[in-house]
2 protein chains.
Amino acid sequence: MSTSSKRNSLKTIGEFGLIRQLTHQWPASSPEIVKGIGDDAAILKARKGQQLLISTDVCIEGVHFDLAYQTPKDVGWRAGVANLSDIAAMGGTPLYLLVSMGVPVRVPPQNVRALYRGLKDACGPCNVALIGGDTSSSPSQIFLSLTIVGSVRANRALTRNRAEVGDRLYVTGTVGDSNAGLRLLQTHSNHLRRFRPSAVERFLIRRHVRPTPRVHVGQLLVDRKLAHAAIDLSDGLSSDLGHVCEDSQVGAEIQGKALPLSSQLRAFARRNNLNPVELALQGGEDYELLFTAPVQHHQKVLHVSRQTKVPISCIGEIKPKIFGQQLELPEGRKQKLANTSFHHFSHR
Amino acid sequence: MSTSSKRNSLKTIGEFGLIRQLTHQWPASSPEIVKGIGDDAAILKARKGQQLLISTDVCIEGVHFDLAYQTPKDVGWRAGVANLSDIAAMGGTPLYLLVSMGVPVRVPPQNVRALYRGLKDACGPCNVALIGGDTSSSPSQIFLSLTIVGSVRANRALTRNRAEVGDRLYVTGTVGDSNAGLRLLQTHSNHLRRFRPSAVERFLIRRHVRPTPRVHVGQLLVDRKLAHAAIDLSDGLSSDLGHVCEDSQVGAEIQGKALPLSSQLRAFARRNNLNPVELALQGGEDYELLFTAPVQHHQKVLHVSRQTKVPISCIGEIKPKIFGQQLELPEGRKQKLANTSFHHFSHR
């Protein structure tokens with residue numbers, strides 16, 4: 001190891017040096033932050049008439065991401081979005097982030113900085129402030145754990161357990177793209193430098209590595225009291241719908257032909273002899289919002305879509321519990337919706 | 001692998017099964033928890049006249065703990081105390097915990113449950129509620145990341161940056177025991193089953209594996225407006241004092257003979273030809289409180305000690321910055337206090 005690279009290694013910079021480098025470019029500033037980074041705990045003022053939202057997510061190298069086909073910046077972006085999306089799914093405003101990291105000493109500091117930059121870029125549009133964290137070495141994998149704090153008007157948060165029979169079922173954006181993008185990256189991981197993706201492939205990969213949290217949509221649903229229940233699509237549409245149905249004690253019917261599939265996903269499915277509806281139902285990590293709203297709010301929901309410029313599609317209806325969760329196929333036949341959840345202990 | 005052990009493996013139980021098992025025995029209940037575990041985020045009411053405290057800590061197998069000489073329950077306890085202690089150091093009341101974990105599939109589920117039990121036991125006396133978390137597999141090490149939320153009366157939190165020249169410097173309990181306990185465990189890690197510790201050794205090991213967070217002391221210091229600045233001893237007395245001095249722009253003098261050393265630590269030092277004062281200054285993870293208070297509050301500080309039954313010792317004084325950080329040795333000689341911080345990137 002040369003002296004200059006040694007001087008920049010994590011071992012030489014040390015924990016405090018690294019934290020200083022990382023937080024320097026991400027100052028915490030908000031009248032509600034009494035004390036940000038640099039004490040035993042951050043101190044925050046509560047907002048009047050608001051309730052607090054708090055959520056945490058882990059992200060482990062070799063389980064949630066693979067640097068063979070993702071850049072450190074991608075990893076940071078996606079981890080940030082996973083957290084922002086949890087607040088979006090409650091209809092809240094993301095405010096503060098705490099970042100805990102375990103990093104092997106072999107990892108070049110510029111990679112850690114790039115990861116942080118991705119995280120910061122993802123949080124930028126929402127003005128989320130970094131208020132704390134903990135950094136340590138790790139024996140073999142990069143380990144990332146984020147905690148996000150948000151706020152929402154008191155008693156207005158969108159939970160999973162308020163869906164009502166007769167509600168319409170909506171989803172933002174398009175679904176399944178992230179799944180297809182991940183498959184492309186995995187297929188080409190051994191020769192990624194020589195991989196020249198087509199425009200279709202570039203779109204799908206982009207949807208995987210740079211998902212968008214639907215924060216504004218969630219906020220408008222809360223402000224206008226439009227939705228009964230909401231969840232974000234992290235495990236996959238069929239599995240996340242399962243969570244809503246279980247918690248709300250209801251069933252649901254999805255119209256296969258109503259699913260918002262991008263033309264790129266359809267092209268990918270055609271080329272690979274895959275069923276695009278299945279890709280959409282099973283694919284995780286779209287970070288779109290799935291929500292239910294009473295029929296009479298339909299026009300107002302479409303107005304939210306126009307205002308935010310985010311497509312919102314009605315994909316089905318909430319049914320009584322006994323109905324279970326069914327998919328109406330394009331040809332009219334109905335089938336039980338397979339619950340193919342993304343289990344982190346059995347999946348990979 | 002037999003069918004029955006297979007049935008109980010993490011792979012078979014799955015992420016959701018494990019979370020259910022773990023959270024089942026730790027229900028979240030408080031009028032301020034609108035929604036605990038089981039949605040995209042927890043929803044909390046803010047307490048009137050209070051500010052929020054939030055802190056996060058990572059704990060990685062092979063860096064922060066070693067199952068060769070610690071039980072999973074110890075690991076959970078210690079991780080919980082590290083977090084509670086951060087709130088104690090702010091003079092706050094710990095309220096909620098979020099637990100993120102990465103666990104290799106090789107780890108028997110009963111070990112994960114034991115770790116959780118240790119965590120829960122540590123949090124029990126403070127009535128801390130589990131309100132969220134994320135569980136995943138991990139390729140090789142157990143990775144734990146805790147986020148703790150507490151509250152404190154508005155504008156009363158004890159920070160590191162308010163120490164004033166002339167303040168007395170206090171520490172709770174005894175210092176250095178945890179360091180000695182860790183050394184004992186490490187020395188005997190290869191033959192731990194045959195290791196029959198003496199009463200002295202048992203005491204020191206116990207101090208390492210079952211530290212006590214000084215929550216009540218911190219709360220009384222805030223309630224009675226006694227202290228100017230506080231920090232908990234996680235990196236080690238000399239290093240944590242360094243943080244206070246740096247943030248408060250002051251110096252400090254410690255009286256070596258005033259350091260509260262247990263008779264067990266002295267016996268251990270004698271037997272191993274070590275300097276007990278050095279063990280106390282450098283040893284990390286005591287989770288005692290170090291705080292500064294104006295001279296006129298001395299009697300009231302001693303009253304807090306009597307009331308909480310936690311020893312509190314005056315160990316020195318805050319000096320002007322130019323003084324630096326000095327140690328007065330028992331024989332009267334003064335020396336510069338070495339800053340031997342515990343750096344997680346260079347230490348092990």
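Which residues of α8(B) are buried? They are Leu237(B), Ser238(B), Ser239(B), Asp240(B), Leu241(B), Gly242(B), His243(B), Val244(B), Cys245(B) and Ser248(B). Here a residue is buried if 20 or more other C-beta atoms, placed from the backbone, lie within 10 Å of its own, exposed if 12 or fewer do, and partly exposed in between.

Before going on, a word on the model. It is predicted, with local features needing pLDDT of at least 70 and side-chain atom pairs counting only at pLDDT 80 or more, while totals for chains, interfaces and linings use all residues. Residues are numbered from 1 along each chain as its sequence is written, and chains are lettered from A and ligands numbered from 1 in the order in which they are written.

**Helix α8 and the sheet of chain B**

Helices (H or I, at least four residues) and strands (E, at least two) are DSSP runs, numbered from the N terminus. The buried residues of α8(B) pack against β8, β9, α10, β10 and β12 of chain B; two residues are in contact if their C-beta atoms, placed from the backbone, lie within 7 Å. Just after α8(B) comes Gln249(B), with a positive phi near 55 degrees.

In chain B you can also find an open sheet of seven strands, ordered β8-β10-β7-β11-β9-β12-β13, with mixed pairing. Strands pair if DSSP finds at least two bridges between them. The edges are β8 and β13 of chain B, each pairing on one side only. β8(B) and β10(B) run antiparallel and are joined by four bridges, and Asp232(B) has Leu289(B) in β10(B) as its bridge partner.

Two helices meet these strands, as the table shows. Their angles run from 0 to 180 degrees between N-to-C directions, with axes fitted to C-alpha atoms, for helices over the stretch in contact.

| Helix | Strands of chain B | Angle |
|---|---|---|
| α7(B), residues 215-223 | β7, β8 and β10 | about 15 degrees with β10(B) |
| α11(B), residues 298-308 | β7, β10 and β11 | about 145 degrees to β11(B) |

**How the two chains meet**

A rotation of 180 degrees with 0.0 Å of shift along its axis superposes chain A on chain B, with an RMSD of 0.0 Å; the fit is by least squares on the C-alpha atoms of residues with pLDDT of at least 70 in both. The two copies are thus related as by a two-fold rotation axis. The same surface serves both, since 100% of the contact residues of chain A recur in chain B.

Ala41(A) sits in the loop between β1 and β2 of chain A. Its contacts include Leu53(B), Asp86(B) and Met90(B). Ala41(A) is buried because 28 other C-beta atoms lie within 10 Å.

Terms used
Lists of a residue's contacts leave out its neighbours within four places in sequence.
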